[in-house]
Amino acid sequence: MSINRQSYIQNQKKKKRRLKRWVWFVAPILILLLGAGAYAGTLYKKAESVMNKSYKPIERDSARAKPLTIDKTSILLIGVDDSDKRKNNGPARSDALMLATFNKTDKSVKLLSIPRDSYVHIPEKDIYTKINHAHAYGGVKLTLETVEELLDVPVDYYVKMNFNAFIDIVNALDGITVDVPYTFSEQDSKDRAKAITLEKGVQNLDGEQALAFARTRKMDSDIQRGERQQQIMKAIVTKAASVKSLGNYTDVMEAVGKNMTTDLTFDQMKSFLGYLQAGNNLNIETFSLAGQDSYINSVYYYQLDQTKLEETKKILQDHLHVTDDTNKAVN
């Protein structure tokens with residue numbers, strides 16, 4: 001087993017990590033509303049228009065009526081890498097999955113990271129394979145159903161984004177400043193090997209360079225990859241907050257809109273963002289599914305620890321106040 005893989009497993013087993021990795025998904029949406037103070041009327045209307053275009057409800061048998069408020073609500077955050085090369089190889093698999101549960105009464109958010117190689121049952125296909133295959137087999141709908149079956153909780157909403165958002169958003173902001181920890185070469189958005197080379201140190205990155213920085217994992221692990229993505233999204237928010245041009249804001253909104261789909265309405269999105277901005281009064285708890293390396297027919301999988309999985313289910317069910325009847329409906 002490689003040192004990188006050992007590091008990955010050890011880090012995955014550290015439950016209740018307070019790293020706010022939700023920034024990776026939420027920050028691009030937050031940017032839509034950052035300029036409200038400076039260009040209130042114009043940007044508000046633009047943000048509303050973009051979000052309405054991104055609204056894509058999913059036809060599925062819901063385990064319960066969708067909550068209209070934040071309290072006791074769940075959202076599945078889906079990250080996909082659908083470059084042209086991957087599209088030619090078939091439907092995109094999910095590259096990142098995170099379930100966020102909200103309990104307004106407790107002023108808390110629980111964020112469960114689901115390893116993409118987790119060995120799970122895919123209900124519609126009735127097969128066991130990696131959870132990221134669910135998106136390739138049946139898109140958002142099957143991904144939602146797979147997560148519901150795995151965790152025995154209803155998933156009320158989803159937000160899906162692809163990595164192309166990196167390029168367009170960063171370019172719209174005329175680049176971002178980050179601290180690159182080491183020198184490396186990485187493929188670009190067209191999957192051309194070693195097309196991007198970054199030197200160690202603080203520097204300004206364009207969109208392609210930011211994507212390479214976010215995707216690479218040759219010299220560390222998926223944990224560090226997530227931390228780099230978090231660093232980039234913080235840099236994006238910082239840069240967006242200092243932008244003075246209405247044109248820049250408009251370009252950023254367009255970039256987010258064409259790279260995101262969700263079944264949250266604009267008003268619901270605003271409510272969630274306001275809740276997440278509650279600051280120190282909000283208890284954000286991040287954890288992951290425990291497991292270990294496994295090889296089945298010479299294929300690598302992340303085998304989930306069933307005892308820990310049951311504990312995780314109970315945590316989420318309690319947080320959402322899920323009843324036994326709801327559990328049966330999910331299954």
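Asp188 counts as buried in this predicted model, because its relative accessibility is 3%, well within the class that is set at under 20%. Its side chain is nevertheless paired in charge, for Asp188 and Arg192 meet in a salt bridge with an N to O distance of 2.7 Å. The count of such salt bridges comes to eleven, and two others are worth following through the fold.

One of them leads into the hairpin formed by strands S4 and S5. Strand S4 (residues 119–122) and strand S5 (residues 127–130) run antiparallel and are joined by four bridges, with His121 standing opposite Tyr128 of S5. Four residues lie between the two strands, and in this hairpin Asp126 takes a positive phi near 55 degrees. Lys130 forms a salt bridge with Asp117, side chain to side chain, at 3.7 Å from N to O. This pair links distant parts of the chain, since Lys130 belongs to strand S5 whereas Asp117 sits in the loop between strand S3 (108–113) and S4, 13 residues apart. Lys130 is buried, its relative accessible area being 16%, and Asp117 also counts as buried, at 16% relative accessibility.

Lys130 has a further partner in Tyr301, for it lies over the face of that ring at 5.8 Å from the ring centre. Tyr301 in turn forms one aromatic cluster with Tyr119 and Tyr128. Tyr137, in helix H5, is partly exposed, with a relative accessible area of 39%. Leaving aside residues up to four places away in sequence, Tyr137 touches Ile122, Lys125, Ile127, Thr129 and Leu142. The C-alpha atoms of Tyr137 and Ala92 are separated by 9.0 Å, although these residues are 45 apart along the chain.

The aromatic pairs number four. Tyr182 and Phe184 make one that is edge-to-face, with 5.7 Å from centre to centre and 70 degrees between the planes, and both of these residues are buried. The pair of Tyr295 and Tyr300 is edge-to-face as well, because the ring planes stand at 65 degrees, with the centres 5.5 Å apart. Here the two partners fall into opposite classes: Tyr295 counts as exposed at 58% relative accessibility, while Tyr300 counts as buried at 12%.

The other salt bridge to follow lies in helix H11 (residues 306–320), where Lys313 and Glu310 are three residues apart, about one turn of the helix. Their side chains meet at 3.2 Å, N to O. Lys313 counts as buried at 10% relative accessibility, whereas Glu310, at 44%, counts as partly exposed. Asp152 joins both of these residues in a network of salt bridges, and its side chain makes a polar contact of 3.3 Å with the side chain of Lys313. Asp152 comes from another part of the chain, the loop between helix H5 (133–151) and strand S6 (157–162), and is buried, with a relative accessible area of 15%.

Helix H7 (residues 207–215) completes the picture. Seven of its nine residues are buried, so the helix is largely enclosed by the rest of the structure. The buried residues are Gly207, Ala210, Leu211, Ala212, Phe213, Ala214 and Arg215. At the start of H7, a side-chain oxygen of Asp206 comes to within 3.2 Å of the backbone nitrogen of Glu208.

Terms used:
Residues are numbered from 1 along each chain as its sequence is written. This is a predicted model: local features need pLDDT of at least 70, side-chain atom pairs count only at pLDDT 80 or more; totals for chains, interfaces and linings use all residues. Side-chain values use heavy atoms; hydrogens and water are left out. Buried means under 20% relative accessible area, exposed over 50%, partly exposed in between (1.4 Å probe, protein chains only). A polar contact is a pair of N or O atoms within 3.5 Å; within protein, one must be able to donate a hydrogen and the other to accept it, and residues adjacent in sequence count only if both atoms are side-chain atoms. Rings of Phe, Tyr and Trp (its six-membered ring) pair if their centres lie within 6.5 Å; planes under 30 degrees apart count as stacked, over 60 as edge-to-face and the rest as tilted. A charge sits over a ring if NZ of Lys or CZ of Arg is within 6 Å of the ring centre and within 35 degrees of the ring normal. Contact means heavy atoms within 4.5 Å. Two strands pair if DSSP finds at least two bridges between them. A salt bridge is a side-chain nitrogen of Lys or Arg within 4 Å of a carboxyl oxygen of Asp or Glu.
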